[in-house]
Amino acid sequence: MFDIGFWELLVIGVLALLVLGPERLPGAMRSTINTIRSVRNVATGFKQEVEHQLRVHELHENLKKAEQQGLKDLSPELEQSVDELKKAAESVQEPYKKQ
């Protein structure tokens, strides 16, 4: 991510020690680490959401293609998408079925 070598880290550590002092340095390090973790978690969540939306869009486009072909003689990719959508629809209806 960052191109920081050993000597740069050492200089940053010494400067942090001089500026913050030995009493506040551990707390500052903890808060910095927690901030970095939260930023990474937000970035990961955003990435997963974008991937999910792209997948939904792809399935929607495949369904449009399949409907245009009349759901007959579909390519394996379109057939797989249609099957996946049917399974998703069945799983959504599952709690509402009468027993």
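**Note on the salt bridges of Arg 55**

1. Arg 55, with a relative accessibility of 30%, counts as partly exposed. The model discussed here is predicted, and the points below concern the charged contacts of this residue.

2. Two salt bridges are present in the structure. Together they link Arg 55, Glu 58 and Glu 84 in a network.

3. The partner of Arg 55 within helix H1 is Glu 58. Between these two residues the closest N and O atoms lie 3.5 Å apart, and the pair qualifies as a salt bridge because the cut-off is 4 Å. Helix H1 covers residues 6–68, and the two positions are three residues apart in it, a separation of about one helical turn. Glu 58 is partly exposed, at 37% relative accessibility.

4. The other salt bridge joins the side chains of Arg 55 and Glu 84, with an N to O distance of 2.5 Å. Glu 84 belongs to helix H2 (residues 76–93) whereas Arg 55 belongs to helix H1, so this contact ties together parts 29 residues apart in sequence.

5. Is Glu 84 buried or exposed? Its relative accessible area is 32%, so Glu 84 is classed as partly exposed, since that class lies between the 20% limit for buried and the 50% limit for exposed residues.

6. In summary, Arg 55 pairs with Glu 58 and also with Glu 84. The former pair lies in helix H1, while the latter ties helix H1 to helix H2.

Note on methods:
Residues are numbered from 1 along each chain as its sequence is written. This is a predicted model: local features need pLDDT of at least 70, side-chain atom pairs count only at pLDDT 80 or more; totals for chains, interfaces and linings use all residues. Side-chain values use heavy atoms; hydrogens and water are left out. Helices (H or I, at least four residues) and strands (E, at least two) are DSSP runs, numbered from the N terminus. Buried means under 20% relative accessible area, exposed over 50%, partly exposed in between (1.4 Å probe, protein chains only).
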